[in-house]
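This report sets out what can be read from the coordinates of a single protein chain. It proceeds from the overall fold to individual residues.

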Amino acid sequence: MNQKIDRRNLLKSGLMAIGGMTLAPHLSMGAFSNSPFFLDPENRIYRSPMVREHFLPADFKAPKIIARLNANENPYGPPMSAQKAVADSVKFGNRYAWKEMFDLIDKIAKKEGVPADHIMMGPGSSDLLEKVAIVTFMKGGNIVSADPCYMSLVNVAESVGAKWKAVPCTADWSHDLKAMEAAIDKDTKLVYVCNPNNPTGAITSGKDLLDFCSRVSEKVPVFVDEAYIELAVGADTQSMVSLLTQKKNVIVARTFSKIMGMAGIRVGYMVALPSYIKEIEKITRGGMGISYTSIFAASASMDDKEFQGNTRKLNHEAKAYLYSNLDKLGYKYIPSFTNFVIFPIAIPGKEMMMKLMEKGVAIRTFDIQDKPWCRVSIGTMDEMKIFVSALGQLS
Ligand code: PLP
């Protein structure tokens, strides 16, 4: 039987406290007091029917991290333009940033090609994923999504009483859109799609997804998480925001944490029909969690096309370097359209995680369908060299 652990017990067990920097990302997803956060009989974190995650033992002495490759962060950020904007605006931090927030909303709306009432802001897109989950599922219902997928929204939905209908990905790890549509029933209140997907890095064809969202949103809202879309170089993809101009009931989440390099500055937004945003705002407020300085950082980073282009280019180069070395070492990976790559490994996930961490290399390991996998974020070229060298020493 699975053992249920809550946030308090996690804290007591010391899992969140030791090596906090490397452990926190594992545990931040679903570590809520009432969430279905389980350890399975083999002491792995139960993520989904298909996915279990390993974590470091509580007494593990983590050395200084020299390659932080476990949280899909942008190693080049925050852009200098955003840093300057933070410094210049901090002196106004005694004020609420109402007008400034509306200016940012106007700017985002213009970029997305929608009216300003289609935008809801949050301190990171996680905030919006969670608010949508709470408001949508506080009276029950079910959510349909792929398995594996990013679990933030699903975890909170389950915490407030939703049933999760997990639909396995196809053999190439894209969303099985047909099966997802078939899984919708009278109790389905939301379909969640993460494209490109996390933790697989795989992509679902933009055209297929557009058809799916267009049709399915007539029955039930479709939430599309596009956290990594700007990094999907050379992919058959497109944002689903265009469907909002046709008044389709889709919700698109975007973040400043990836391409803009501002995970710690916390800005995200969602684009949705005004009627949908009104529903979410009946019991929550958009934008209140964003600081004065973050608003200016976000605005500056939007203008910083050079930083965005560099991130894309450097991410692509470091990923190509990783691919060629994984090839040399005989690892097969899922082609990634993100800033991380996942691949099957030959030793147990926990062992791999510990061995790399002993060398100061932080990664994540999962068992997917009971086979061990390593997920490594794309860091700087230097970090990737450290990772490849550490991996080579395992083989
Ligand atoms: N969505 C996906 C798919 C992610 O991978 C992440 C973070 O890694 C998020 C959303 C949350 O990002 P943030 O809250 O930093 O905007």
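The sections below describe a predicted model.

## Overall architecture

The protein chain contains 13 helices and 16 strands. Its radius of gyration is 20 Å, close to the 21 Å that the globule rule gives for 395 residues, so the chain is as compact as a globular protein of that length. Along the principal axes, the C-alpha atoms occupy a box of roughly 55 × 50 × 45 Å.

Of the 395 residues, 56% are buried. Among contacts with a separation of 6 or more, 73% join residues that are 24 or more positions apart.

## Surface and charge

The protein chain exposes about 16700 Å², and carbon and sulfur atoms supply 56% of this area. The side chains include 48 positive and 41 negative ones, and the centres of these two sets lie 3 Å apart.

## Strands β13 and β16

Strand β13 spans residues 340–344 and is mostly covered, with four of its five residues buried. β13 pairs with strand β16 (residues 371–377) in the antiparallel sense, over five bridges. Within this pairing, proline 344 stands opposite tryptophan 373 of β16.

## A buried glutamate

Glutamate 53 belongs to strand β4, residues 51–53. Glutamate 53 has a relative accessible area of 0% and therefore counts as buried, a class that requires a value under 20%. Lysine 350 is 297 residues away from glutamate 53 along the chain, yet the C-alpha atoms of the two residues are separated by 8.8 Å.

## Backbone features in loops

Most residues other than glycine have a negative phi, and most peptide bonds are trans. Against this background, two cis peptide bonds and two positive phi values are described here.

The peptide bond from glycine 77 to proline 78 is cis, with omega near -10 degrees. Proline 78 is placed in the loop between β5 (67–68) and α3 (80–89). A cis peptide bond also leads from asparagine 198 to proline 199, where omega is near 20 degrees. The loop that holds proline 199 runs between β9 (188–194) and α8 (206–216).

Lysine 247, a residue other than glycine, has a positive phi near 60 degrees. This lysine is found in the loop between β10 (222–225) and β11 (250–255). Its relative accessibility is 65%, so lysine 247 counts as exposed, the cut-off being over 50%. Aspartate 370 is likewise not a glycine and has a positive phi of about 65 degrees. Aspartate 370 lies in the loop between β15 (364–368) and β16, and its relative accessible area of 60% makes it exposed.

Methods
Residues are numbered from 1 along each chain as its sequence is written. This is a predicted model: local features need pLDDT of at least 70, side-chain atom pairs count only at pLDDT 80 or more; totals for chains, interfaces and linings use all residues. Side-chain values use heavy atoms; hydrogens and water are left out. Helices (H or I, at least four residues) and strands (E, at least two) are DSSP runs, numbered from the N terminus. The radius of gyration is taken over C-alpha atoms; the globule rule is 2.2 Å times the number of residues to the power 0.38. Buried means under 20% relative accessible area, exposed over 50%, partly exposed in between (1.4 Å probe, protein chains only). Contact means heavy atoms within 4.5 Å. Accessible areas come from the Shrake-Rupley method with a 1.4 Å probe; for residues, only the protein chains shown count as cover. Lys and Arg count as positive and Asp and Glu as negative; His and the chain ends are not counted. The place of a charge is taken as NZ of Lys, CZ of Arg, CG of Asp or CD of Glu. Two strands pair if DSSP finds at least two bridges between them.
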